[in-house]
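Colleague: Please pick one part of this model and take me through it closely. Start with the whole, then zoom in.

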Amino acid sequence: MTKQEFLQRLSRLLADVTVEEREEALRYYEEYFDEAGPEQEQAVLAELGSPEKVAAIIKANVPGSRIPPRYQAPGAGQTAGAAAGAAQYANPPQYPGAAQKNDNRTLFWVAVVAAALILSPLWLSLLGTALGLLATVVITGAALVFSGALVVIAGVVVVVKGFLTIWTGVGTALLVAGLGVLDIALGFAMLGVGFALFMLLVWLWRMTVRGWNWAKAKLAQNKAGGNEQ
């Protein structure tokens, strides 16, 4: 029998108790298994016994009551077996490796916090530099887009003005119109650079999110590996 089979069977056996009591019991035993760890699953099953036995203890511990079993003291009408089961339900034993696992987890987070505090001058300076570069890129990109749009508009005006002054001479009109075309080209170039900077920001954001997700996945893998040891 596995943990999931035990819990599913126990849930069916507790169908005649209140929903609160059933959910409390299932949550308790699920945490009980999780604290012991996967390597101690069979040991937990052997100690608890069959789901029928556990269900009988729970029902004997809460006859018609809505008080969660772990908080209810054994009554005078309970049998010795039910009282012992209730005591086990309220105070589960610690299995080999469970305390060490919790100690390792605590030491890990203590080390992380200590490292963050010790290296705070470094990562704060890096964070400030990164934010400064980000602000510079955003401002530069916005300025280029805005200026490029104005230059394009100005170039269009110059081209129109050149054609309107053709009566003063074809050469002069073409020269003015050509300058307007150059302005338009310059404006589009500025727009292109500005939008490229914004695309760069989007790419950097995606890379940052991807890196963060990768770091979380590695941390979860290391945590799972530590729990299996």
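**A close look at helix α2**

Modeller: The protein has an accessible surface of about 14800 Å² (Shrake-Rupley method, 1.4 Å probe; for residues, only the protein chains shown count as cover). Carbon and sulfur atoms own 71% of that surface. The model is predicted, so local features need pLDDT of at least 70 and side-chain atom pairs need 80 or more, while totals for chains, interfaces and linings use all residues. Residues are numbered from 1 along each chain as its sequence is written, and side-chain values use heavy atoms, with hydrogens and water left out.

Now the overall plan. The protein has 8 helices and 0 strands (DSSP runs: H or I of at least four residues for helices, E of at least two for strands, numbered from the N terminus). Along the sequence the pattern reads α-α-α-α-α-α-α-α. The protein has 229 residues, and 25% of them count as buried (under 20% relative accessible area; exposed is over 50%, partly exposed in between; 1.4 Å probe, protein chains only). Take the contacts (heavy atoms within 4.5 Å) with a separation of 6 or more: 72% of them join residues 24 or more positions apart.

Zoom in on α2. The helix covers residues 19-36, which is 18 residues. At 1.5 Å a residue, it should span 26 Å (the expected span is 1.5 Å times one less than the number of residues). The end C-alpha atoms of α2 are 26 Å apart, so the two values agree. After α2 comes Gly37, with a positive phi near 95°.

Which residues of α2 are buried? They are Glu21, Arg22, Glu24, Ala25, Leu26, Tyr28, Tyr29, Tyr32, Phe33 and Ala36. Some of these names will come back below.

Next, the core. The largest nonpolar core (buried Ala, Val, Leu, Ile, Met, Phe, Trp, Tyr and Cys residues joined through side-chain atoms within 4.5 Å) has 18 residues. Phe6, Leu10, Leu14, Tyr29, Leu48 and Val54 have the most contacts inside this core. Two or more residues each come from α1 (3-13), α2, α3 (41-48) and α4 (51-61). The biggest share belongs to α2, with 7 residues.

Look at two residues that touch α2. Leu7 sits in helix α1. Leu7 is buried, because its relative accessible area is 9%. Leaving out residues up to four places away in sequence, Leu7 touches Leu26, Tyr29 and Glu30. The C-alpha atoms of Leu7 and Tyr29 are separated by 7.8 Å, although the two residues are 22 apart along the chain. With the same sequence cut, Leu14 touches Arg22, Ala25, Ala55, Ile58 and Lys59.

Now the charges. Side chains of opposite charge can pair when their charged atoms come close. The whole structure holds 4 salt bridges (a side-chain nitrogen of Lys or Arg within 4 Å of a carboxyl oxygen of Asp or Glu).

One of them joins Asp34 and Lys3 at 2.7 Å, N to O. It links distant parts of the chain: Asp34 is in helix α2, Lys3 is in helix α1, and they are 31 residues apart. Asp34 counts as partly exposed, because its relative accessibility is 42%. Lys3 has a relative accessible area of 13%, so it is buried.

Another salt bridge pairs Glu24 with Arg27 at 2.8 Å, N to O. Both residues lie in α2, 3 residues apart, which is about one turn of the helix. An α-helix has 3.6 residues a turn, so residues three or four places apart point the same way. Glu24 counts as buried, because its relative accessibility is 11%. Arg27 reaches 41%, so it is partly exposed.

A further salt bridge has one end just before α2. Lys59 and Asp16 meet there at 3.1 Å, N to O. Lys59 is in helix α4, Asp16 is in the loop between α1 and α2, and 43 residues separate them. Lys59 is partly exposed, because its relative accessible area is 30%. Asp16 counts as exposed, because its relative accessibility is 58%.

To recap, α2 gives 7 residues to the largest core, and its Asp34 pairs with Lys3 of α1.
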